[in-house]
Amino acid sequence: MSSEKVPSSAMTSTTPHVEFAKGVNGLDKIILRESRGSSAEVYLYGAHVTSWKNDHGEELLFVSNKAIFKPPKAIRGGIPICFPQFANHGPLESHGFARNRFWDVDNDPPPFPTPTHSKAYVDLILRPSEDDVKVWPHSYEFRLRVALGPGGDLMLTSRVRNTNSDGKPFSFSFAYHTYFSVSDISEVRVEGLETLDYFDNLKSRERFTEQGDAITFESEVDKIYLSTPTKIAILDHEKKRTFVVRKDGLPDAVVWNPWDKKAKAMADFGDDEYKHMLCVEAAAIEKHITLKPGEEWKGRLELSAVPSSYCSGQLDPQKVLQSS
């Protein structure tokens, strides 16, 4: 198994479902296509999903028009991988370093316990560089599979293995920092997090309990919800679309929108773009994941977009959260 980067000239495994191409600023990317028309794009830089389109060609993820596709800056939008640290909850750079490293195509990954039914997938791998070991002195293998299901669902499966030879365990936090594209943030509601406890990052990470029957947005939000269900729904009233977030191995969920003041303060984010995005992130933050040498952790995210209708402001009638 080679971990060397695959030069574009050697990327010969292009199929109707998987295409290797050049992206913004000549960065290598992989385009996944399902036969019904859905697609996704993944950059080797950061193993970063930057596009997910349904079979009508509608973009479902938000990427800022001001995103800087230039290392070492992380790409603003899509699905950044936060590893081995979420935000500034630790000594490393914010959100860790996985999102601004070049990953390799993994041509010979260990088998998955359950085989994928998709032909549109790619396996990527990250191993520590000499510089990484200086700031986080551990040996690991981080494998990521990005797959498109036959119905257009987007699936990300992360597998992190401790390969330390010194017998030492390590701990990390993690998030799929997913930016969803929404029509108007004031018309969006999130269901599935009612009555749960959360840390409010805008109030010194104080712990509160969610009171509303759903989460709606009229100002900046930055919360880490704890012990969350495996399924969360994001209802976009204007588009009559519901995003369903299914997750496994990721007990927490981050909900974030920077609103106007923070948006204006970010160089790689348009002043009004906060109106058209919402981050709902499957994460493991409160309780860090600890692996002994040889142990592996798996965290899975599955995203789908389904039509929805409103009845008295509610999803009709809680179908999405109750269905399998």
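In this predicted model, His177 is a buried residue whose relative accessible area is 6%. The residue sits in the loop that connects β10 (170-176) with β11 (179-181). Leaving aside residues up to four places away in sequence, His177 touches Gly78, Ile79, Pro80, Cys82, His95, Trp256, Cys279 and Glu281.

Glu281, one of those contacts of His177, belongs to strand β20 (residues 277-291). Glu281 is likewise buried, with a relative accessible area of 2%; a residue counts as buried when this value is under 20%. Its contacts, again not counting residues up to four places away in sequence, include Phe86, Ala175, Tyr176, His177, Thr178, Asp252, Ala253, Val254 and Trp256. Trp256 therefore appears in the contact list of His177 and in that of Glu281, where contact means heavy atoms within 4.5 Å.

The two residues are set out below.

| Residue | Location | Relative accessible area |
|---|---|---|
| His177 | loop between β10 (170-176) and β11 (179-181) | 6% |
| Glu281 | strand β20 (residues 277-291) | 2% |

According to UniProt, in an unreviewed entry, His177 and Glu281 carry the feature "active site". These positions span 105 residues in sequence, yet their C-alpha atoms are no more than 5.0 Å apart, so they gather at one spot. Both His177 and Glu281 are part of the lining of the largest pocket. The side chains of Glu281 and His177 also make a polar contact with each other, at 3.2 Å.

Conventions
Residues numbered from 1 in each chain as written. Predicted model: local features only at pLDDT ≥ 70, side-chain atom pairs only at ≥ 80, totals over all residues. Heavy atoms only, no water. UniProt positions renumbered as here; feature names shortened; annotations may be inferred. 1 Å grid on protein atoms, 1.4 Å probe; cavity = no way out; pocket = protein on both sides within 12 Å on 5 of 7 lines; lining within 4 Å. Helix = DSSP H or I, 4+ residues; strand = E, 2+ residues; numbered from the N terminus. Buried < 20%, exposed > 50% of the residue type's maximum accessible area, 1.4 Å probe, protein only. Polar contact = N/O pair within 3.5 Å; in protein donor to acceptor, adjacent residues only side chain to side chain.
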